[in-house]
Amino acid sequence: MQDYSYCFLQDADNPFTSAKTLDILYLQKDSEKYIIPAFQGKGGHPVLLGKNVIDHIANHPADIGNLKEILKNTPKKKIELMEKSVLVNINTPEEYNRFFTDKID
């Protein structure tokens, strides 16, 4: 088993995470909590998981709930950022085109 302390969890449909955001979140790290970036109070991604949170997820029965449900009663810390990009969520071709002008064939 590998040694770990923290893990970033990033949605695949938000490709705009900056190194600055990662640095800010990592400076707030806490082994007992998960750290979530926010813009104007709304939580986004990436999420930084502390070691105890990672262990809690790993030891949770796989057939009971999803990650949001597992984290519902887990301590968190919300960090307000000036980067609206933490809220991006690209789910449709229209949303994709809003962010990217080149189409992929």
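Leaving aside its neighbours within four places in sequence, which residues is T21 in contact with? Keep that question in mind while you look over the whole model, which is a predicted one, and we will come back to T21 at a later stop.

**The whole chain**

Begin with the protein chain in a cartoon view, where you can pick out four helices and five strands. Followed from the N terminus, these elements come in the order β-α-β-β-β-α-α-β-α. The C-alpha atoms fill a box of roughly 40 × 30 × 30 Å along the principal axes, and of the 105 residues in the chain, 25% count as buried. If you consider the contacts between residues at least 6 apart in sequence, 62% of them join residues that are at least 24 apart.

**Strand β4 and its partners**

Now select residues 47-50, which make up strand β4, and show their side chains: V47 and L49 on one side, and L48 and G50 on the other, are all buried, and both faces of the strand are therefore covered. It may help to recall that in a regular strand the side chains alternate between the two faces of the sheet.

Add strand β1 to the selection, and you will see that β1 and β4 run antiparallel and are joined by four bridges. Strand β2, at residues 34-39, is also antiparallel to β4, and two bridges join this pair. L48 is a good residue on which to centre the view, as F8 stands opposite L48, while L48 is also the bridge partner of I35.

**T21 and the cis bond**

Next, select T21, which lies in helix α1. Is T21 buried or exposed? With a relative accessible area of 1%, T21 is buried, because the cut-off for that word is anything under 20%. Here is the reply to the opening question: apart from its neighbours within four places in sequence, T21 is in contact with P46, L81, E83 and V86.

From T21, move to one of these contacts, P46, in the loop between β3 and β4. The peptide bond that leads from H45 to P46 is cis, with omega near 10 degrees. While you are looking at backbone angles, select Q40 as well, in the loop between β2 and β3, since Q40 has a positive phi of about 50 degrees although it is not a glycine. Both stops stand out against a general pattern: most residues other than glycine have a negative phi, and most peptide bonds are trans. Q40 counts as exposed, with a relative accessibility of 68%.

**The largest pocket**

Turn on a surface and look for the largest pocket, which holds about 560 Å³ of space. Among the 20 residues that line this pocket, I36, G43, G44, H45 and K68 are the closest to its centre, and selecting these five will bring you to the right place. Strands β2, β3 (42-43) and β5 (76-80), together with helix α3 (67-71), each supply at least two residues of the lining. The largest share, three residues, comes from α3. If you colour the lining by residue type, you should find nine nonpolar, five polar and six charged residues.

**The aromatic rings**

For the last part of the tour, show the aromatic side chains, among which a search of the whole structure finds four aromatic pairs. One of them is formed by Y6 and Y26, and this pair is edge-to-face, with 5.8 Å from centre to centre and 80 degrees between the planes. Y6 belongs to strand β1 (residues 6-9) and Y26 to helix α1 (residues 19-27), so the pair ties together parts that are 20 residues apart in sequence. Y6 counts as partly exposed, at 25% relative accessibility, and Y26 is partly exposed too, with a relative accessible area of 37%.

Which residues do ring pairs link into a cluster? Select F16, Y96, F99 and F100, and you have that cluster in view. Y96 sits in helix α4, which covers residues 93-99, and at 25% relative accessibility Y96 counts as partly exposed. To finish, draw a distance from the C-alpha of Y96 to the C-alpha of K33, two residues that are 63 places apart in sequence and 32 Å apart in space.

Conventions: Residues numbered from 1 in each chain as written. Predicted model: local features only at pLDDT ≥ 70, side-chain atom pairs only at ≥ 80, totals over all residues. Heavy atoms only, no water. Buried < 20%, exposed > 50% of the residue type's maximum accessible area, 1.4 Å probe, protein only. Phe/Tyr/Trp six-rings, centres within 6.5 Å; stacked < 30°, edge-to-face > 60°. Pairing = 2+ DSSP bridges. 1 Å grid on protein atoms, 1.4 Å probe; cavity = no way out; pocket = protein on both sides within 12 Å on 5 of 7 lines; lining within 4 Å. Points joined across faces, edges and corners; volume = space filled by probe spheres on them. Nonpolar A, V, L, I, M, F, W, Y, C, P; charged D, E, K, R; others polar. Contact = heavy atoms within 4.5 Å.
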